[in-house]
Amino acid sequence: MITSSEGDGDSQPLWLSDEPAAAGLWARMHAEHRGSGQWPLLLDALDPEDAEFRPWGSGEVFPEQMSAAASHDPAALLAKWWATYTAVDEDDDMPSADRRLAITAPFEQSWPGRAPGREAVLSADQLAAGYAEVFLSDHPKSRLGLVTAASGAEALTTAGWSGPANYDNDTAKFSAIVGDWENRFGARVVAVGFSTLHLSVAAPPTTEEDALLVAAEHFAFCPDNIWQGRRPYTLAAYAERLTGVHNWDFWWD
């Protein structure tokens, strides 16, 4: 059990395996979730070679500082964050005003609203199990974490993960949005790193129009995906990479 290094020191929000997760382990634990109440996470470290296995092994988790996901409206959060990140302010250290509007074209500063949900044709749980194997093959030193939570979205807050802290240090807000994606797109939280989040998605956007709307949500949720992502750094280019793709990956600088 991992004890939080913050707060009163009594909180033990997650169990962490001593060794890297074996192939198929995430899927087996996920299949037991309904009975066990334990949501499995593949946990990646800031430096997998570091014995502390930060932030997990070092206890750099902050469950005492989080609110409840249910107290936040995901639609309102996305609209608020969009307004913040598209605001024109020449004094901040974000991209210039002209560049910022070019990045978020065709919407520019106008929040377009959330993308419509889609009914998944494929099994969300089977896709998640498959993605877990892909992630583990790419990150073979990832360990298994177990968190008492009803869903992967809730597990992020319960575990006290603080990956997006440079933008907002209340993970419950991000959990609220991921929970909404679980309902609208069949998303499943599979893996979490120091400041990264990896979801499988059963019902990704399939049209250019829907992909642009999903891209706008991703920008509001994690602007670094586009500000510091692969060239060209525009919403439209990012949307092209979302169409029909069954995993969403986020990282915060």
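Biologist: In which sense do strand 2 and strand 3 pair, and over how many bridges?

Modeller: The model is a predicted one. Two strands count as paired if at least two bridges are found between them. Strand 2 and strand 3 pair over six bridges, in the antiparallel sense. Within strand 3 (residues 143-148), Leu 144 is the bridge partner of Leu 42.

Biologist: What is the partner of Leu 42 in strand 4?

Modeller: In strand 4, Leu 42 has Ala 191 as its bridge partner. Here strand 2 (residues 38-43) and strand 4 (residues 187-192) run in the parallel sense, with two bridges.

Biologist: What is the order of the strands in the sheet, and which strands stand at the edges?

Modeller: The sheet is open, and its six strands follow the order 1-3-2-4-5-6 with mixed pairing. Strand 1 (15-20) and strand 6 (247-251) are at the edges; each has a single partner strand, so one side of each lacks a neighbour in the sheet. On average, neighbouring strands are turned by 30° against each other, direction ignored.

Biologist: Which strand does strand 1 pair with, and is strand 3 mostly covered or mostly open?

Modeller: Strand 1 pairs with strand 3 in the antiparallel sense over three bridges, and Trp 15 has Leu 146 as its bridge partner in strand 3. Strand 3 is mostly covered, with five of its six residues buried.

Biologist: Which strands do helix 5 and helix 7 meet?

Modeller: Helix 5 (residues 124-138) packs on the sheet and touches strand 2, strand 4, strand 5 (196-201) and strand 6, its direction making about 140° with that of strand 5. Helix 7 (residues 171-185) lies across strand 4, strand 5 and strand 6, at about 135° to strand 4.

Notes. Residues are numbered from 1 along each chain as its sequence is written. This is a predicted model: local features need pLDDT of at least 70, side-chain atom pairs count only at pLDDT 80 or more; totals for chains, interfaces and linings use all residues. Side-chain values use heavy atoms; hydrogens and water are left out. Helices (H or I, at least four residues) and strands (E, at least two) are DSSP runs, numbered from the N terminus. Axes are lines fitted to C-alpha atoms, for helices over the stretch in contact, and angles run from 0 to 180 degrees between N-to-C directions. Contact means heavy atoms within 4.5 Å. Buried means under 20% relative accessible area, exposed over 50%, partly exposed in between (1.4 Å probe, protein chains only).
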